[in-house]
Amino acid sequence: MLLFGLVITGVFLLTAIFAPLLAPYGFAQLKDENGNFGAQQPPGGAHILGTTVGGYDVLSRVIWGTQTALGVIVVAVVLSIFAGVLLGLVSGYLGGWLDRILVVIADAVFAFPTLLLAIVAAIVISGGQSKVFFGILAAAISITVVYIPQYFRVIRAETVRIKSEAYVESAKVIGSSTSRIMFRHVLRNATRTLPLIFTLNSSEAILTLAGLGFLGFGIEPTSAAEWGYDLNRSISDVTSGIWWTSLFPGVAIVLVVLGITLVGESLNDLADPRLRARRRADAPVSATAATAATDSSGVTDTAAIDGTGATA
């Protein structure tokens, strides 16, 4: 599962990085030296995946859309980690009235739907549909606001546990400052679970961006390629038997979210000490069974016990 997720995620990252080399046309290109592409052209010829209702090349839009998705993931997750980790560290270590206030605020923010906040942020920041920078920023800020409580809760719980450890008490005894203890001793040991949350939030970021584009609050098609917008424009095509304009952007969303989610779930399994202990316990049993099955002495390899308890 981990390898399958890494392969999908790796293809997504490489496609985003090398999109200018892989895409046969620009994301807003409507014609070449032979003239206009034409709307809703079926797959084949110069357009391997066909063209959209607006006359864009589907393959190029799908490839360029990986850059937009990657941009939202990077901005949203970096902002969420920075704010959530800092607040969780301060709240868990200092405690008191500040901790109680931050916990209440985090619980209140966590109750809001992600997509609703994304729509509000898109309207406030850019008035709805926007250029690529403000569109990515609107989606990223909405995801940041919603997912700060997740990082806050995890880091706060780890900080509360770690601050009672012996090495933290020793640092206090020798006169280390509060900031040094928090950022040098506590922070390093409180961020072990962040990779799992990072992967899950990355997939949610892609879905939120696609939801904004599908509802018409995303990025203008002449500013950047975005899968949600392309799905919105292909709604009327589905009933007319024009399947390629919606299939390929939808498959791209599903595959990227699937790949990132598989990586996150696999990291969770690898970090689970119960599963590691189970694998270690199964290893000697498997080795013993293999030795018995390949016994070269010519004597009985395995023994079966019949219903009377005698060896068969």
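Helices here are DSSP runs of H or I with at least four residues, numbered from the N terminus. The model is a predicted one. This briefing covers a nonpolar surface patch, the nonpolar cores and helix α3.

**Surface patch**
- Phe4, Trp243, Leu247, Val251, Leu255 and Leu258 form a nonpolar patch of about 530 Å² on the surface.
- Helix α12, residues 244-271, contributes the largest share of this patch, with four residues.
- Phe4, another member of the patch, lies in helix α1, which spans residues 2-17.
- Phe4 has a relative accessibility of 48% and therefore counts as partly exposed, since that class lies between the 20% limit for buried and the 50% limit for exposed.

**Nonpolar cores**
- In soluble globular proteins, nonpolar side chains tend to be buried together.
- The largest nonpolar core holds 48 residues, and those touching the most other members are Val72, Ile73, Val186, Ile206 and Trp227.
- At least two residues of this core come from each of α3 (58-94), α5 (114-126), α6 (132-162), α7 (166-173), α8 (178-190), α9 (194-215) and α12.
- A separate core of five residues includes Ala19, Ala23, Trp64 and Ala225.
- Leaving aside residues up to four places away in sequence, Val186 is in contact with Leu89, Tyr93, Thr159, Ile162, Val168 and Ile181.

**Helix α3**
- The 37 residues of α3 cover 53 Å from the first C-alpha to the last, close to the 54 Å expected at 1.5 Å a residue.
- Gly95 follows α3 and has a positive phi, near 65°.

Key:
Residues numbered from 1 in each chain as written. Predicted model: local features only at pLDDT ≥ 70, side-chain atom pairs only at ≥ 80, totals over all residues. Heavy atoms only, no water. Patch = residues over 30% accessible without salt bridge, like charges linked within 9 Å, V, L, I, M, F, W, Y side chains within 5 Å. Areas by Shrake-Rupley, 256 points an atom, 1.4 Å probe, with all protein chains shown as cover. Salt bridge = Lys/Arg side-chain N within 4 Å of Asp/Glu carboxyl O. Buried < 20%, exposed > 50% of the residue type's maximum accessible area, 1.4 Å probe, protein only. Core = buried A, V, L, I, M, F, W, Y, C linked by side-chain atoms within 4.5 Å. Contact = heavy atoms within 4.5 Å. Expected span 1.5 Å × (residues − 1).
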